[in-house]
There are 2 protein chains.
Amino acid sequence: METNFVKFDSIFSIDCVIFGFDGTELKILLIERNEDPFKDWYALPGYIVEQNESLDNAAERILYELTGLRDIYMEQFHTFGEVDRHPKGRVITVAYYAMLRLNGQKELEPISSYAKKAFWHPVSQLRKLAFDHTQIFTRGFLKIRRKITYQPIAFELLPEKFTLTQLQHLYEVILDKKLDKRNFRKKMLNYGILKELNEKQKGVSYRAASYYKFDRRKYAKLFQKELSFGK
Amino acid sequence: METNFVKFDSIFSIDCVIFGFDGTELKILLIERNEDPFKDWYALPGYIVEQNESLDNAAERILYELTGLRDIYMEQFHTFGEVDRHPKGRVITVAYYAMLRLNGQKELEPISSYAKKAFWHPVSQLRKLAFDHTQIFTRGFLKIRRKITYQPIAFELLPEKFTLTQLQHLYEVILDKKLDKRNFRKKMLNYGILKELNEKQKGVSYRAASYYKFDRRKYAKLFQKELSFGK
DNA sequence: AATATAATGTGTATAAATTACACTAAGTTA
DNA sequence: TAACTTAGTGTAATTTATACACATTATATT
């Protein structure tokens, strides 16, 4: 059992679709490539899996090396294996996604010289990405769009404390439609997984909204049932 | 770009979780292995992807070679990449699933000598499978269990004509719970994707049930909307 | 201090979907 | 023709989803 990536036989890679929300806009984490092919293009953070690491571990390592981000929980969502997806040979890639809150603090600093830089880019007006990454991104976006209808993944994107308006706005961005404010609040509060805090927004013009936080305990109870068809 | 599978560098394979329903019992398609490792063990049909074929094509080819089945629409559901999942080296495997009606006519005849035989096995009382195939099977089963709650995949498992009792039974097997007959029928008929036929069961003891068929057109309309959060 | 501004926060009536629950009808077998 | 077995049906109560508009509050402006 030898490793020989240089020969570019059959190899596999990881690509990461990392969503971030800054309270207003949904963004995606990109790198600018520093190597051919697609030198200088924007691309998803991704690289080759080593012989001795699991896919999940590889995903973590690769994201770190290309962006400096650590301890991000990612989940696999699809594997792309068209024969010609990589111009230099046969590479299948396992795509992962994750969702993050953007506090602004998160510095992005590639460790590897493979990426010139890493940066957040709005998901709207995305230019064409390297390889089949546009397609991978799209599928990842559809994945979270579906997922948000049955799991409260939105909470991973929001800061610890958030207002109901922020929460609603995030749903609207992901689902790409307007929601009714009263119905939205009713539904969210009915889940019973939100805790209202004795705290309000500060520094905003006009009336400050209450902060809420997500109650992970109650969530676990509620969404463990899941698969329900009724009786 | 050379192919060198013998060296067992980094290679990838496909494994297929094929569900079949004979009207009573949910079954899965297995092979008996004819080669080491795990010679004589039961395993999912699976083999190595060639350098020049896409994953989807490979899945089709491999299923055919190991079981003789053709033209089965399969969908990828997860990729398994633990370092030690294959005793002979690093193999990641892309798992596909599909669902079939078992008419009894479908002959299973491996073309490849890699499988001694191919056969349908009840999903209950499954013995331990080769490699990590038990785990792959379980994940595939969870996949269809989830999917059946939002898509009428059950129709792929049933014969062209089927009774409502058969349909309900299939749901019960997949969801692993009893459903109320009246509510089930009400719900199914309300979807408007079933057409009642002027035909009844024959050759059954006791009262014969009406046959229904699935209306693919109406289905397409209904389930294209999908992703709904309401207004 | 008064006013304008901009977002927060709230209720109700209607419709639709889900749940719980039990008996009669029809065809087959003995 | 009686016994058996499965098919087939309705209704009331509850829960969930939808449509829709205005008063409240904090800040900014004059």
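Two residues are in contact here if their C-beta atoms, placed from the backbone, lie within 7 Å. Keep that in mind as you work through these exercises on a predicted model.

**Exercise 1. Place B:Tyr97 in its surroundings: which strand holds B:Tyr97, is B:Tyr97 buried or exposed, and which residues does B:Tyr97 touch?**

Solution.
- Step 1: Find the element. B:Tyr97 belongs to strand E6 of chain B, which covers residues 90-101.
- Step 2: Count the neighbours. A residue is buried if 20 or more other C-beta atoms lie within 10 Å of its own. B:Tyr97 has 25 of them within 10 Å, so B:Tyr97 is buried.
- Step 3: List the contacts, leaving out residues up to four places away in sequence. B:Tyr97 touches B:Val17, B:Phe19, B:Met74, B:Glu75, B:Phe77, B:Gly140, B:Lys143 and B:Ile144.
- Step 4: Look along the sequence as well. B:Pro87 is 10 residues from B:Tyr97 in sequence, and their C-alpha atoms are 24 Å apart in space.

**Exercise 2. Get an overview of chain A: how many helices and strands are there, and what share of the residues is buried?**

Solution.
- Step 1: Count the elements. Chain A has 6 helices and 9 strands.
- Step 2: Take the dimensions. Along the principal axes, the C-alpha atoms of chain A fill a box of roughly 60 × 50 × 30 Å.
- Step 3: Look at burial. Of the 231 residues in chain A, 32% are buried.
- Step 4: Look at contacts with a separation of 6 or more. In chain A, 64% of these contacts are between residues 24 or more positions apart.

**Exercise 3. Explore the largest nonpolar core: which residues touch the most other members?**

Solution.
- Step 1: This core has 108 residues.
- Step 2: Those that touch the most other members are A:Ile14, A:Cys16, A:Val17, A:Phe19, B:Ile14, B:Val17 and B:Phe19.
- Step 3: Pick one of them, A:Cys16, and follow its contacts, again without residues up to four places away in sequence. They include A:Leu44, A:Pro45, A:Gly46, A:Ala59 and A:Ile62. A:Leu63, A:Met74 and A:Tyr96 are touched by A:Cys16 too.

**Exercise 4. Describe strand E6 of chain A: how many of its residues are buried, and in which direction do E1 and E5 run against E6(A)?**

Solution.
- Step 1: E6(A) spans residues 91-101 and is mostly covered, with 9 of its 11 residues buried.
- Step 2: Strand E1 of chain A, residues 11-21, is joined to E6(A) by 11 bridges, and the two run parallel. Within this pair, A:Phe12 has A:Ile92 as its bridge partner.
- Step 3: Strand E5 of chain A, residues 75-80, is joined to E6(A) by 5 bridges, and these two run antiparallel. Here A:Thr79 stands opposite A:Val94.

**Exercise 5. Find backbone details in the loops: where is there a cis peptide bond in chain A, and what is the phi of A:Tyr206?**

Solution.
- Step 1: A:Asp36 and A:Pro37 are joined by a cis peptide bond, with omega about -5°. A:Pro37 sits in the loop between strand E2 (26-33) and strand E3 (42-43).
- Step 2: Turn to chain B, where B:Asp36 and B:Pro37 are joined by a cis peptide bond with omega about -5°.
- Step 3: The phi of A:Tyr206 is near 70°, a positive value in a residue other than glycine. A:Tyr206 lies in the loop between strand E8 (194-200) and strand E9 (210-214) of chain A.
- Step 4: A residue is exposed if 12 or fewer other C-beta atoms lie within 10 Å of its own. A:Tyr206 has 6 such neighbours inside 10 Å and therefore counts as exposed.

**Exercise 6. Examine two helices of chain B: what do their spans tell you, and where do the buried residues of H4(B) fall?**

Solution.
- Step 1: H4(B), residues 164-175, has 12 residues and reaches 16 Å from first C-alpha to last, close to the 16 Å expected at 1.5 Å a residue.
- Step 2: Its buried residues are B:Gln166, B:Leu167, B:His169, B:Leu170 and B:Ile174. Seen down the axis of H4(B), they fall within an arc of 160°, so they line one face of the helix.
- Step 3: After H4(B) comes B:Asp176, with a positive phi near 60°.
- Step 4: H1(B), residues 55-67, has 13 residues that should span 18 Å at 1.5 Å a residue, and its end C-alpha atoms are 18 Å apart, which agrees.
- Step 5: Buried residues of H1(B) include B:Leu55, B:Ala58 and B:Ala59. B:Gly68 follows H1(B), and its phi is positive, near 85°.

Notes:
Residues are numbered from 1 along each chain as its sequence is written. Chains are lettered from A and ligands numbered from 1 in the order in which they are written. This is a predicted model: local features need pLDDT of at least 70, side-chain atom pairs count only at pLDDT 80 or more; totals for chains, interfaces and linings use all residues. Helices (H or I, at least four residues) and strands (E, at least two) are DSSP runs, numbered from the N terminus. A nonpolar core is a set of buried Ala, Val, Leu, Ile, Met, Phe, Trp, Tyr and Cys residues joined through C-beta atoms within 7 Å. Two strands pair if DSSP finds at least two bridges between them. The expected span of a helix is 1.5 Å times one less than its number of residues. The arc is that of the directions from the helix axis to the C-beta atoms.
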